[in-house]
Amino acid sequence: MEIGIKHTGFTKATIAKNRLAIVTCCVDDWGGSEDLWWNAAMHLRDRQFEIMVMKLKINRYHPKFIALSEKGIVLKELDCQSKSHPEKLFSKAWKKIRRIDRNQQELNLRKYLTTFTPDHVLIAQGINFDGLSYARLCI
């Protein structure tokens, strides 16, 4: 499969880096959109792209994440809070913590994007609005 760079008028000389950042909003270990970006990431990595995947929590024992890591794809977690707290007992406090934590996740994303300086950012969202705050950081 050929990458569409030739068809867009760009040449290899005009492409400075070939870096792709993937941000997934999936709260589960793996979902349908993960299969789509995983295939793209593996394909582009074979073509010398530098790729960073960012997710709230990464199950480093999941076979797909192991394959990404073995391929040289950088994996970064955006979530800085443990989810082992009993949410039902402290639901109001937990919601406040999670709201603060969402701000921290956005700060982490900004830090990773600033450091990695990707040419493109792919945001995989499960519903229509869960990636909007991340997309806003890319503008």
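This is a guided tour of a predicted model, stop by stop, with what to select at each one.

**The whole chain**

Start with the whole chain in a cartoon view. The chain holds four helices and four strands. Followed from the N terminus, the elements come in the order β-α-β-α-β-α-β-α. Colour by burial next: of the 139 residues in the chain, 35% are buried. If you draw contacts between residues at least 6 apart in sequence, 67% of them join residues at least 24 apart.

**The largest nonpolar core**

Select Trp37, Ile51, Val53 and Leu68. Of the 18 residues in the largest nonpolar core, these four touch the most other members. Now show the elements around them: strand E1 (19–24), helix H1 (32–46), strand E2 (50–55) and helix H2 (63–70) each give two or more residues to this core. Which element supplies the largest share? H1 does, with five residues.

Stay with Ile51 and display what surrounds it. Beyond the neighbours within four places in sequence, Ile51 is in contact with Leu20, Ile22, Ala41, Leu44, Arg45, Ile73, Val74 and Phe116. Apart from the largest core there is another, of twelve residues, and Val23, Cys25, Leu109 and Phe116 are among them. Phe116 thus appears at both places on this stop: as a contact of Ile51 and as a member of the twelve-residue core.

**H1 against H2**

Hide everything but H1 and H2. Two packed helices are described by the angle between their axes and the distance between the axes. Here the angle is about 20 degrees, and the axes of H1 and H2 are 11 Å apart. An angle under 35 degrees counts as roughly parallel, so H1 is roughly parallel to H2. The crossing of H1 past H2 is left-handed.

To see the side chains where the two helices meet, select Asp35, Trp37, Trp38, Ala41 and Met42 in H1, then Lys64, Phe65, Ala67 and Leu68 in H2. Trp37 and Leu68 were already picked out in the largest core.

**The start of H1**

Select Gly32, which lies in helix H1. Is Gly32 buried or exposed? Its relative accessibility is 53%, so Gly32 counts as exposed. Add Gly126 to the selection: the two glycines are 94 residues apart in sequence, and their C-alpha atoms are 8.8 Å apart in space.

**Two cysteines**

Select Cys25 and Cys26. A disulfide is a covalent bond between the sulfur atoms of two cysteines. How many disulfides are there under the distance rule? The count is zero. Why does Cys25 not form one? The cysteine sulfur closest to that of Cys25 belongs to Cys26 and is 9.0 Å away, which is too far for a bond because the cut-off is 2.5 Å. Seen from Cys26, the closest cysteine sulfur is that of Cys25, again at 9.0 Å. Both residues are buried: Cys25 has a relative accessible area of 8%, and Cys26 has a relative accessibility of 15%.

**Two residues with positive phi**

Go to the loop between H1 and E2 and select Gln48. Gln48 is not a glycine, yet its phi is positive, at about 70 degrees. With a relative accessibility of 61%, Gln48 counts as exposed.

Then move to the loop between helix H3 (91–116) and strand E4 (120–124), where Thr117 lies. Thr117 is also a residue other than glycine with a positive phi, near 45 degrees. At 32% relative accessibility, Thr117 counts as partly exposed.

**Two buried loop residues**

Select His62, in the loop between E2 and H2. His62 is buried, at 17% relative accessible area. Setting aside neighbours within four places in sequence, the contacts of His62 are with Asp29 and Trp30.

The last selection is Asp79, in the loop between strand E3 (74–77) and H3. How accessible is Asp79? Its relative accessible area is 5%, so Asp79 is buried. Add Leu109, which was met as one of the residues of the twelve-residue core. Asp79 and Leu109 are 30 residues apart along the chain, and 9.7 Å separates their C-alpha atoms.

Notes. Residues numbered from 1 in each chain as written. Predicted model: local features only at pLDDT ≥ 70, side-chain atom pairs only at ≥ 80, totals over all residues. Heavy atoms only, no water. Buried < 20%, exposed > 50% of the residue type's maximum accessible area, 1.4 Å probe, protein only. Core = buried A, V, L, I, M, F, W, Y, C linked by side-chain atoms within 4.5 Å. Contact = heavy atoms within 4.5 Å. Axes fitted to C-alpha atoms, helices over the stretch in contact; angles between N-to-C directions. Parallel < 35°, antiparallel > 145°, perpendicular 65-115°, else oblique. Left-handed = near helix turned anticlockwise from the far one by under 90°.
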